[in-house]
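Work through these exercises with the model open beside you. Try each task before reading its solution.

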Amino acid sequence: MKAFFSEEQLLHTPQQFMRLGRLSAPTDLPSRAESLQGALASRGIKVEAPSDYGRKPLDSIHSADYLNYLETAYSRWQSLKAPGVDPGPEVLPNLSPYYNGRVEQAGRGPCPSPSIVAQTGYYLSDLSCPIGPQTWRSALRSTHSAVAAADHVASTHGMAYALCRPSGHHAHRDRAGGFCYLNSSAAAASRLLQTWSKVAVLDVDAHHGDGTQNIFYQRADVMTVSLHADPSAYYPFYTGYAEERGYGAGEGYNLNLPLAHGSGNDPFLAALDTALTALTGYAPEALVLALGFDTYKDDPISVLKLDIDAYRDIGARVASLRLPTVVVQEGGYMVQAIGPALDAFLQGMGHAGA
């Protein structure tokens with residue numbers, strides 16, 4: 001198995017995010033990636049820097065106006081500085097346009113205002129996505145890791161791991177959210193469609209993969225399945241409910257399996273078995289696994305209670321599908337736990353180690 005990661009992904013160093021009305025210390029730290037790299041090294045898995053693909057692999061999943069915004073937001077924000085005007089050190093919204101918070105059945109157009117303040121409210125859906133001087137480059141290189149992993153899987157019909165940081169599954173077609181700027185899982189799925197005609201995305205992060213669902217909600221060539229904590233009292237709140245099954249050509253190709261808060265290994269694995277049955281019925285030719293470790297019982301923002309053994313079982317169940325598989329790293333914020341969690345997952349997938 002091969003893994004992909006760029007050191008440029010460490011350049012994103014957020015200073016803050018809003019939680020329960022308080023500006024809080026960031027949890028998406030560069031040390032997350034370093035812990036995961038350690039787990040890969042202990043199993044003798046080679047980590048390779050991805051090629052620089054530029055923006056092109058994102059054209060099919062994100063709108064051009066949104067990509068233009070992300071690429072230029074920080075420099076435009078800094079240009080607001082003037083006598084009596086002192087913008088914050090990171091780009092953050094102070095207003096939000098109205099829109100349907102549930103999955104849109106018709107896409108929005110570009111922001112009608114040229115103002116960087118207006119566009120920041122339009123393209124950043126919450127206060128957990130501060131944009132700093134290196135956020136664009138870091139997020140872009142994170143998607144490149146996913147694309148490189150997809151290319152490797154397409155050529156080998158095997159498995160590859162994309163150490164994506166920042167994460168991506170909350171990034172919609174045209175807005176950021178939940179620590180996510182560009183959707184790496186969607187980028188991997190889109191890339192796999194260049195080789196196969198049917199692809200599935202299975203998301204086992206603690207949070208609903210709302211951005212991934214949004215991007216593929218009206219399509220039949222990508223089935224999206226997400227196991228996650230009940231969103232009625234947990235981010236992203238507005239999506240992730242069982243009745244969301246897809247729209248138009250995509251009707252029936254989205255499956256959400258929300259779990260009661262406090263659920264441990266057994267309920268999670270039972271829901272995973274339900275997900276695998278649905279995937280078997282869809283019969284995809286390749287799989288993207290959006291792998292989160294914020295389901296761990298001691299994770300600072302989790303409401304689920306998985307232990308390390310669960311990740312071994314998840315790996316074994318995913319391996320049983322016998323599909324070409326791209327594993328895309330999503331959340332997981334307890335740095336001491338995510339390395340052992342990845343190690344257990346790789347054991348379950350059948351990687352014997354060095």
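The exercises below go from the sheet to two helices, then to the empty spaces.

The model is predicted, so local features need pLDDT of at least 70 and side-chain atom pairs count only at pLDDT 80 or more, while totals for chains, interfaces and linings use all residues. Residues are numbered from 1 along each chain as its sequence is written, and side-chain values use heavy atoms, with hydrogens and water left out.

**Exercise 1. The sheet**

Task: Find the order of the strands in the open sheet of 8 strands, and say which stand at the edges.

Solution.
- Start with the terms. Strands (E, at least two residues) and helices (H or I, at least four residues) are DSSP runs, numbered from the N terminus. Two strands pair if DSSP finds at least two bridges between them.
- Read off the order: 4-1-5-10-9-6-7-8, with parallel pairing.
- Look at the ends. Strand 4 (47–48) and strand 8 (254–259) each have a single partner strand, so one side of each lacks a neighbour in the sheet.
- Check one pair. Strand 7 (residues 222–229) and strand 8 are joined in the parallel sense by 6 bridges. One residue pair to locate is H228 with P258 in strand 8.

**Exercise 2. Strands 6 and 7**

Task: Work out how many residues of strand 6 are buried, and which way they point.

Solution.
- Fix the term: buried means under 20% relative accessible area, exposed over 50%, partly exposed in between (1.4 Å probe, protein chains only).
- Count in strand 6. There, 5 of the 5 residues are buried, so the rest of the structure largely encloses this strand.
- Recall the rule: side chains in a regular strand alternate between the two faces of the sheet.
- Sort the residues. V199, V201 and D203 point one way, A200 and L202 the other way.
- Move to strand 7. Here 8 of the 8 residues are buried, so strand 7 too is largely enclosed by the rest of the structure.
- Join the two. Strands 6 and 7 run parallel, with 5 bridges between them. A200 lies opposite M223 of strand 7, and L202 has V225 as its bridge partner.

**Exercise 3. Helix 9 and helix 1**

Task: Test whether the span of helix 9 (residues 335–349) agrees or disagrees with the expected value, then find what covers its buried residues.

Solution.
- Compute the expected span as 1.5 Å times one less than the number of residues. For the 15 residues of helix 9 this gives 21 Å; the end C-alpha atoms are 22 Å apart, which agrees.
- List the buried residues. Among them are A337, I338, A341, L342, A344 and F345.
- Find the cover. It includes helix 1 (30–42), strand 5 (159–162), strand 9 (286–291), helix 8 (308–319) and strand 10 (325–329).
- Take one residue. A344 has 1% relative accessibility, so it counts as buried. Contact means heavy atoms within 4.5 Å. Leaving aside neighbours within four places in sequence, A344 contacts I308, Y311 and R312.
- Look past the end. G350 follows helix 9 and has a positive phi, near 100 degrees.
- Turn to helix 1. Its 13 residues should span 18 Å, and its end C-alpha atoms are 19 Å apart, which agrees. The cover of its buried residues includes strand 1 (2–4), strand 4 and helix 9.
- Finish with G44. This residue follows helix 1, and its phi is positive, near 70 degrees.

**Exercise 4. Pocket and cavities**

Task: Give the volume of the largest pocket and of the largest cavity, then describe their linings.

Solution.
- Define the spaces. On a 1 Å grid over the protein atoms alone, a cavity is a set of points where a 1.4 Å probe fits but cannot get out; a pocket is an open set with protein on both sides within 12 Å along at least five of seven lines; lining residues have an atom within 4 Å of a point. Grid points are joined across faces, edges and corners, and a volume is the space filled by probe spheres set on the points.
- Begin with the pocket. The largest has a volume of about 800 Å³. Of its 35 lining residues, D126, S128, Y235, P236 and F237 are closest to the centre.
- Sort the pocket lining by class: 16 nonpolar, 13 polar and 6 charged. Ala, Val, Leu, Ile, Met, Phe, Trp, Tyr, Cys and Pro count as nonpolar, Asp, Glu, Lys and Arg as charged, and the others, Gly among them, as polar.
- Go on to the cavities. There are 2 of 30 Å³ or more. The largest has a volume of about 60 Å³. Strand 6 (199–203), helix 6 (210–216), strand 7 and strand 8 each give two or more residues to its lining.
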